[in-house]
Amino acid sequence: MKGMRPFAVPLGLLLLAPGLFPPSAFAGGGKVRVVATLPNLGSIASAIAGDRIDLTTIAVGTQDAHFVDPKPSYMVKLRNADLLLVNGLDLEIGWVPPLTQGARNPKILQGAAGYVDCSAGIRVMEIPSSLSRAEGDVHPYGNPHYLTDPLNAEVVAGTIAGALGRVDPAGAEAYEAGRKAFVKRLHESLFGKELVDLAGGAKLSREAAAGTLDAFLDGTSLGGAPLRGRLGGWLGKMRAVKGTPVITYHKDYSYFAARFGIRVEEYVEPKPGIQPSAKHLEDLVQVLSRGDIHLILTRPYVEHRSTDSLADKTGVKVITLPLEVGGAPEATDYFALFDFATNQIVRALAAGPPSGGR
Ligand SMILES: [Zn+2]
């Protein structure tokens, strides 16, 4: 053995077996540099990966995700990124392509391993049958606001953890543990801890995704009483207002409404992306005056003149619900966002039907 250097491995062997030597970029304490386009994606990534990643989020929650200014400072962040998380379904079509082109980082170009479209595996709602500007500013691949249904965050968490594990194989186990902890907390928040302990989060999630949760809870008894009585969490809280007809400003609460059983009857926008005319508002006053719609949901960043005047004329309450983490001071992370949204709705409806306008 004399004269032989320890660990002398022929270079060719190293090159032939890259899998034996996971990329060491992050091994020496360097963190995976992750850029998220939107705060909800950033919040989920942060919950999964903690301080293994160095996270930058481009848009803030009070901004309209459809329209973000592609500033050069974002390109600098993207130039050094290992991973880019996008919502996809063309939500960021106006600003992500100019940013990635300007960043000149091949790792995060569409199609590269570092470009992560978080809409993968999502069951998309409202896919248009025809594409025409006459339909307003439609999203051609369907409604992209899928993270307003917390159950979709389970899918997104899997996508993000998988992508992190691919760029940082040494951390794959940690990301998977982070994903599991996130999903467990998500199930407990959505269904309540007691029911998750009784029925299992994965089972409840499957039933809810299939639209059969109610049937399952009614048809399964425990000690002579149906499981329904054990439903807690956001769904348990929202049961009190299930079936409530509402108006929303834009078509961005479709997933939320479907999950929680709220009925969206009308939109303040006559067509997605089009501001209401005086005529459309007058029509809405007629609809609201019938008294069966109890709530108007609007967003932080749209004009409030229309909704204020509707409330003024009809007495129907308006609440501003954030869609993204940071859209209200209370919405500090993805869980707090739904705590806040569900509390706001339940509180607004607890007061009973509208008292009539002036
Ligand atoms: Zn939209």
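**View 1. The zinc site in the predicted model.** Four histidines coordinate the zinc ion: His66, His139, His145 and His250. Each contributes its NE2 atom, at 2.1 to 2.4 Å. The donor atoms subtend angles of 96 to 127° at the zinc ion, so the arrangement is tetrahedral. For four tetrahedral donors the ideal angle is 109.5 degrees.

**View 2. Zinc donors along the chain.** The donor residues follow the spacing H-x72-H-x5-H-x104-H. His66 and His250 link distant parts of the chain, 184 residues apart. His66 lies in the loop between β2 (53-57) and α3 (72-79). His250 lies in the loop between β7 (245-248) and α11 (254-260). Both of these histidines are buried.

**View 3. The buried side of α3.** Tyr74, Met75 and Leu78 are the buried residues of α3. They span an arc of only 105° around the axis, which places them on the same side of α3. An α-helix has 3.6 residues a turn, so residues three or four places apart point the same way. The cover over the buried residues of α3 includes β1 (32-36), β3 (83-86) and α4 (96-103).

**View 4. The largest nonpolar core.** This core holds 67 residues. Those touching the most other members are Ile44, Leu85, Phe182, Phe191, Tyr334 and Ile345. Beyond its neighbours within four places in sequence, Ile44 is in contact with Leu147, Ala153, Val156, Ala157, Ile160, Phe182 and Tyr334.

**View 5. A second, separate core.** This one has 19 residues. Among them are Ala59, Val68, Tyr74 and Val96. Tyr74 is also one of the buried residues of α3.

Notes:
Residues numbered from 1 in each chain as written. Predicted model: local features only at pLDDT ≥ 70, side-chain atom pairs only at ≥ 80, totals over all residues. Heavy atoms only, no water. Donors = N, O, S within 2.8 Å, 3.2 Å for Na, K, Ca; no water. Tetrahedral: all angles 85-135°; square planar, octahedral: opposite > 155°, others 65-115°. Helix = DSSP H or I, 4+ residues; strand = E, 2+ residues; numbered from the N terminus. Buried < 20%, exposed > 50% of the residue type's maximum accessible area, 1.4 Å probe, protein only. Arc of directions from axis to C-beta. Contact = heavy atoms within 4.5 Å. Core = buried A, V, L, I, M, F, W, Y, C linked by side-chain atoms within 4.5 Å.
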